Amino acid sequence: MAQLEEVSVDQFKHLVSERALTGETMLLNMGPQHPSTHGVLRVLLELDGETIVNCIPDIGYLHTGIEKNMEAKTYLKAEVMSDRLDYMNTTGNNLAYCLAVEKLVDLDVPERAQSIRVILTELQRIASHLVWLAAFGLDLAAMSVFLYCFREREIILDILELCSGQRMMTTYIRPGGLWRDVPVEFETAVRNFISYFPKRIDEYEALLTKNPIFLDRLISIGKLDAATALQYGVTGPMLRASGVNWDLRKARPYMGYEQYEFNVPVHPEGDTFARYIIRVEEMRESLKIVEQALNKLPLGPVNSDNRKFVPPPRSEIGVSMEALIHHFKLWTEGFSAPNASVYSAVESPRGELGVFLEGDGGPKPRRVHWRTPSFDNLSVMAEITKGHLVADLVAILASVDIVLGDIDR
Amino acid sequence: MDKKLETIVQALQENFNTTNEEFRGEVHVFATAENIIDALTLLRDKYDFELLSAMTATDYWPQQSPRFHVIYQLSSLARNLTLQLRVPLNGDEPKIPTATGVYKVANWRERELLDMFGITPEGHPDPRRILMPEGTEGHPLRRDFPLGYEEPQFTFNFEEIDLGKPYAKE
């Protein structure tokens, strides 16, 4: 056990203003156990009455050491941990990791697998935005939105369960393709969702978008301008709410995103309301992508047939000695990747989710780094909360859409 | 290499005497701790690299010189380019000058480097650990930091391990 050290107050003096040292302003701890911090985030607030003078986020309460653990596993086995990072966007994390591995070992993915990957990640994006909208409503005392959003999210989780047998931690997307092909019921399930969901978004908007109490809490609260956002590395819906048209699906298409027609919602206001409305619009756009991908879902294999990297299907193992050897080798020793590094990024519901992967020539990575969007999005909190009331902090924090598993890694 | 990127890499080479590598279409430029801030400033102001996408490090232990590579992954939104800058550092007391003056996002990223690798950002406004608690010994993401496991409890060592468990005893 590590010895507890005496920590002197002098180490933290530079964080607060001088008025706090004379007792003129008050220091208040919010969290780590607080319902509107969405997990275990601690925020140290310096308050002048009800007004925020300083806001210092303190993270690390959910640090799991996933980056370190991944270094000790083979490329195939390490993927299981990627689900546990951002637990609201599990297939998106799988996709980011698989793209990095595929780039490192130069592996091609069949078209059918690419389309299914797009469908699943876009459904997951909707599910993530639904949870965000639910929690956002709840923080602003709109309880019923929470129940409606979770009702719809359940349908998406059912689709994921249909494919992979798991509701959340699917690990369905694998390096070189997918775990296996989707079942026959998949298409009907997704089509039902596509026809059912647009009306539900209208319902949420009817409850919130023109609700005067809701608007009063949001408009011109937590303003973030484009230059500050870029300085702090803010990406995703938060950056687009500050008027910067930057979406990796459009700018650097991966997984065949260039063949789908969709808009990237951009709002120049940069306030909490813009961040809300962008996510609602994004749900509609994601639905468009899902529909297009489903309409032209090609037939064919869902896995690369490069047996040096992709384990053979179960049916082959019984009849082919070579397949048995590959199966055995891939699940024990694993495949080796070159001594080089790649960085590949995808657009997660929260922003640029990047994976920096460096191999050492052997079957285990030397370094896996997750560039997680929430980490940088949270770091801008100190800037955008200054001068607002404590009640507004809750609205701003909710609009940032933090997932603590994503921040602390 | 991309035509647009080639001119930028050449400019870096002329100004700072950098070398570069290419792998799967990604360009890695090797700079030094002395000129990295000037290089970042030049890239941001003249070549529109507005976004420091990622900042991390790799440990090449047991190799000592260089032991670490500090990695700056830059993005240009206006030109839609990416570029990676690498700074090799030796194993004894690794230090880099802070980039918080160029990109504010470097504030938390450098705290993470300090926490996880023990790479000191010189001139950082708030050099504290970020993820691990204050008073932690060592830097977890270094390759010589052991990945801890709990010892499995068998009949022969049951009581010995039980004594060390944190729960309340009768």
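**A colleague's note on the two-chain model**

1. A good place to begin is where the two chains meet: 37 residues of chain A are in contact with 31 residues of chain B. Please keep in mind throughout that this is a predicted model. On the chain B side, the elements that contribute two or more residues are strand 3 (51-59), strand 4 (68-76) and helix 3 (106-117). Strand 3 of chain B gives the most, with six residues. Sorted by class, the side of chain B that touches chain A has 15 nonpolar, nine polar and seven charged residues.

2. Now for chain B on its own, and the loop between strand 3 and strand 4. Two prolines are worth finding here. Pro62(B) lies in this loop, and the peptide bond that joins Trp61(B) to Pro62(B) is cis, with omega about 5 degrees. Pro66(B) has its place in the loop between strand 3 and strand 4 as well; the bond leading to Pro66(B) from Ser65(B) is cis, with omega near -5 degrees.

3. Two other loop residues of chain B deserve a look for their backbone angles. Asp48(B), found between helix 2 (36-46) and strand 3, is not a glycine, yet its phi is positive, at about 60 degrees. Because 16 C-beta neighbours lie inside 10 Å, Asp48(B) counts as partly exposed. Glu93(B) sits in the loop between strand 5 (81-89) and strand 6 (95-97); Glu93(B) is not a glycine either, and its phi is positive, about 45 degrees. With 9 C-beta neighbours inside 10 Å, Glu93(B) counts as exposed, since the cut-off for exposed is 12 or fewer.

4. Turning to chain A, you will find it divided into domain 1 (24-61) and domain 2, which is made of the segments 67-305, 334-370 and 390-408. Taken over C-alpha atoms, the centres of the two domains are 28 Å apart. Their contact takes 13 residues from domain 1 and eleven residues from domain 2. The side of domain 1 that touches domain 2 has seven nonpolar residues, five polar residues and one charged residue.

5. Helix 4 (residues 90-105) of chain A makes a nice check on the geometry. With 16 residues at 1.5 Å a residue, this helix should span 22 Å, and its end C-alpha atoms are 23 Å apart, so the two values agree. Helix 4 is also mostly covered, as 14 of its 16 residues are buried. Just after the helix comes Asp106(A), where phi is positive, near 60 degrees.

6. Next, the interior. In soluble globular proteins, nonpolar side chains tend to be buried together. Here the largest nonpolar core has 146 residues, and those with the most contacts inside it are Ala100(A), Ala229(A), Val70(B) and Leu85(B). Helix 5 (residues 111-139) of chain A gives the most to this core, with 14 residues. Domain 1 and domain 2 of chain A each supply at least three residues to the core.

7. To finish, try centring your view on Val70(B). Which residues is Val70(B) in contact with, leaving aside its neighbours within four places in sequence? They are Ala57(B), Val87(B), Leu89(B), Ile96(B), Leu113(B) and Ile119(B). Val70(B) is also one of the residues with the most contacts inside the largest nonpolar core.

Note on methods. Residues numbered from 1 in each chain as written. Chains lettered and ligands numbered in written order. Predicted model: local features only at pLDDT ≥ 70, side-chain atom pairs only at ≥ 80, totals over all residues. Helix = DSSP H or I, 4+ residues; strand = E, 2+ residues; numbered from the N terminus. Expected span 1.5 Å × (residues − 1). Buried ≥ 20, exposed ≤ 12 C-beta atoms within 10 Å, placed from the backbone. Domains from an automatic or database assignment. Contact = placed C-beta atoms within 7 Å. Nonpolar A, V, L, I, M, F, W, Y, C, P; charged D, E, K, R; others polar. Core = buried A, V, L, I, M, F, W, Y, C linked by C-beta atoms within 7 Å.
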